[in-house]
Amino acid sequence: MMNKVAVQTQRGTRDIWLDAAYEALIEGGVEAVRVMPLAESLNVSRTSFYWHFEDREALLNALIAYWRDKNTGNLIRQTRLFAETICEAVLNLFDCWIDPELFDARLEFAMRNWSQTSPELKEIFRETDSERIQAIRAMFARFGFDPYQADIRASTIYLTQVGYISIKAEEELAERIRRMPAYVETYTGRAPSQSEIDRFMARHRARLDGA
């Protein structure tokens, strides 16, 4: 009888299947997320898939859950971080646009493409976009912006970033980070302090040095 490790190796793990599905979605869209091609890429049997997922639909639902937890969950958490000023709060949110561990722009692009062929996912996106904008709106409200201004500024930040992702805008990381203080002033009407800029730059120093 095979030991537990050998059986797991033969079947793969749930995360391995999910990672393979993620890569297929990014590279080829939702139509590329098929059990047999994934099994071949993982060098495991097709039947091993069913140890972890009931069917392809369950795998697709797992991808949706992963996207919601990572991109939406992290974005909302960033808007709720401690900040002494609205500028610092916006810079906290901007961490999402710099760090793919917080917000995966490639996944966001692939998911939005998928939603064009899935009414169910399109509805999820309507809910998700509203939830994200509401979180940013609440962030502005914490710093005294009236409801109208909070809504306009939150929508502008969010829709600009969605557009940035949708057109796959290419920009050097160093240039993007350099422009962040000006973006903050544009969105808030207030210039960030040098100490706020320095803290933001320090958070991303390793990423800049490795770029």
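User: What makes H4 stand out in the lining of the second largest pocket?

Analyst: In this predicted model, H4 gives the most to that lining, with 5 residues. The elements that supply two or more residues there are helix H4 (56–79) and helix H7 (119–142).

User: Why is Trp-114 called a lining residue of the second largest pocket?

Analyst: A lining residue has an atom within 4 Å of a point of the pocket. Trp-114 is listed in the lining of the second largest pocket, together with residues including Arg-56, Leu-60 and Ile-124, so Trp-114 has an atom within that cut-off. The volume of this pocket is about 170 Å³.

User: How do you know which residues of that lining count as charged?

Analyst: Asp, Glu, Lys and Arg count as charged. Glu-31, Arg-56, Glu-57 and Glu-120 are in the lining, and therefore belong to that class. By class, the lining has 6 nonpolar, 2 polar and 4 charged residues.

User: What makes up the lining of the largest pocket, by class?

Analyst: The classes are 16 nonpolar, 4 polar and 9 charged residues. The largest pocket holds about 670 Å³ of space. Its lining has 29 residues, and Asp-104, Ala-105, Arg-106, Ile-165 and Ala-169 are the closest to its centre.

User: Which helix supplies the largest share of the lining of the largest pocket?

Analyst: H6 does, with 6 residues. Helices H2, H5, H6, H8 and H9 each supply at least two.

User: How do you know which domains the lining of the largest pocket draws on?

Analyst: At least three of its residues come from each of domain 1 (11–53) and domain 2 (67–209). The lining of the largest pocket therefore draws on both domains, with bounds taken from an automatic or database assignment.

Technical notes. Residues numbered from 1 in each chain as written. Predicted model: local features only at pLDDT ≥ 70, side-chain atom pairs only at ≥ 80, totals over all residues. Heavy atoms only, no water. 1 Å grid on protein atoms, 1.4 Å probe; cavity = no way out; pocket = protein on both sides within 12 Å on 5 of 7 lines; lining within 4 Å. Points joined across faces, edges and corners; volume = space filled by probe spheres on them. Helix = DSSP H or I, 4+ residues; strand = E, 2+ residues; numbered from the N terminus.
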